[in-house]
Amino acid sequence: MKSRESVLVVGSIAFDDLEMPTGSFRDVVGGAATYSSLAASLLAPARLVGIIGDDFAESQLATLRDRGVDTEGVERVAGGKTFRWSGRYAPDLMSRVTLDTQLNVFADFRPKIPASYKGSRFVLLGNIHPALQLDVLSQVERHPPPHGLVAADTMNFWISGEPKLLADVLRRIDLLVINEEEARELSGIHNVARAAADIRARGPKQLIIKRGEYGALLFDDAGTFFCPGYPLEEVIDPTGAGDTFAGGLIGYAARHGDASPRTLRKAMFYASALGSFCVEDIGTRRLAAVGPSELAARIDAFSRLVDYGGSLAITQ
Ligand code: AMP
């Protein structure tokens with residue numbers, strides 16, 4: 001095993017109001033970077049860069065620190081309000097609508113990477129304006145795979161609204177992590193394998209296409225790899241599962257100081273396992289309570305889920 005490296009996560013820190021089939025939940029600590037850094041911190045030191053207002057309690061930041069997340073890069077705006085997002089889920093939790101987004105301090109977010117973070121070899125650019133993703137890249141040293149990794153997420157809003165800047169981002173990252181619908185919109189191609197080839201030709205040599213509870217596909221120079229979602233009997237809140245997946249993936253790679261195809265395939269299972277914990281309770285509640293032995297047990301269950309007992313070849 002190579003040396004353990006740190007993960008730098010940049011993105012939203014939020015209060016979410018969630019309307020779930022099980023009830024309404026207000027002021028739930030969320031945000032993509034919160035989920036990603038919590039997941040990554042289970043596997044490697046995680047450094048968080050984001051912005052909050054003075055409504056975000058010091059004790060709420062301390063909860064992140066207790067989980068091993070370095071919060072030196074979290075900027076607090078005096079007199080400002082933290083980003084707020086509100087959504088309503090369908091009864092089957094398969095879809096959701098955004099009810100409200102209040103950018104608040106997030107509107108003026110200009111990520112400042114602390115000097116102590118600049119050497120981070122593993123960087124996760126959360127779903128923020130592509131101009132800000134580029135700004136972060138200009139502030140950190142580049143360490144290409146396998147000794148480092150720059151991963152990014154994006155969303156339909158930027159795909160349609162900022163195509164040129166997003167194209168610049170794609171040229172400068174190693175790994176793009178997006179969902180199936182976004183992959184289709186970005187490439188303009190419905191077939192997922194062909195959409196993947198198109199996106200990889202635009203820059204990122206590694207691409208992960210998430211399919212929600214059904215798992216995720218990895219496309220890289222070593223071929224195509226699939227990791228299922230872990231089948232759960234009860235799902236409570238899918239918010240942040242994708243961000244948790246991305247944080248777990250990069251956390252595993254950083255833990256091994258290695259972003260090779262072989263390590264990324266193993267990382268997919270950790271990403272998926274952590275995503276499965278995330279959805280078991282409201283907000284970050286479950287994720288923030290997962291311990292190493294619970295994670296190991298789920299990884300073990302995962303190994304059995306995909307263990308077909310050796311060769312699939314037809315014997316003579
Ligand atoms: P996911 O379920 O993976 O899409 O992540 C949901 C999280 O993303 C929530 O905790 C929200 O606070 C956060 N979020 C929602 N909309 C945005 C946005 N426009 N920019 C950044 N973060 C957002």
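# Legends for close-up views of a predicted model

**View 1. Polar contacts hold the ligand's nitrogen and oxygen atoms beside G240, S12 and R96.** An oxygen atom of the ligand lies 2.7 Å from a polar backbone atom of G240, a polar contact being a pair of N or O atoms within 3.5 Å, where within protein one must be able to donate a hydrogen and the other to accept it, and residues adjacent in sequence count only if both atoms are side-chain atoms. The protein buries 82% of the 510 Å² that the ligand exposes when taken alone, with accessible areas computed by the Shrake-Rupley method with a 1.4 Å probe and, for residues, only the protein chains shown counted as cover. A nitrogen atom of the ligand is 2.8 Å from a polar side-chain atom of S12, and an oxygen atom of the ligand is 2.8 Å from a polar side-chain atom of R96. The model is predicted, so local features need pLDDT of at least 70 and side-chain atom pairs count only at pLDDT 80 or more, while totals for chains, interfaces and linings use all residues. Residues are numbered from 1 along each chain as its sequence is written, and side-chain values use heavy atoms, with hydrogens and water left out.

**View 2. The shell around the ligand.** The ligand is surrounded by 16 residues, of which S12, D16, G31, G240 and D243 are the closest; a residue is near a molecule or strand if one of its heavy atoms lies within 4 Å of it. The shell comprises 6 nonpolar, 7 polar and 3 charged residues, where Ala, Val, Leu, Ile, Met, Phe, Trp, Tyr, Cys and Pro count as nonpolar, Asp, Glu, Lys and Arg as charged, and the others, Gly among them, as polar. At least two residues of this shell come from each of β2 (14–20), α1 (32–41), β6 (83–89) and α8 (241–255), helices (H or I, at least four residues) and strands (E, at least two) being DSSP runs numbered from the N terminus.

**View 3. The cysteines C227 and C278.** The whole structure contains 0 disulfides, a disulfide being a pair of cysteine sulfur atoms within 2.5 Å. The closest cysteine sulfur to that of C227 belongs to C278 and is 16 Å away, which is too far for a bond. C227 counts as buried at 1% relative accessibility, and C278 likewise counts as buried at 0%, where buried means under 20% relative accessible area, exposed over 50% and partly exposed in between (1.4 Å probe, protein chains only).
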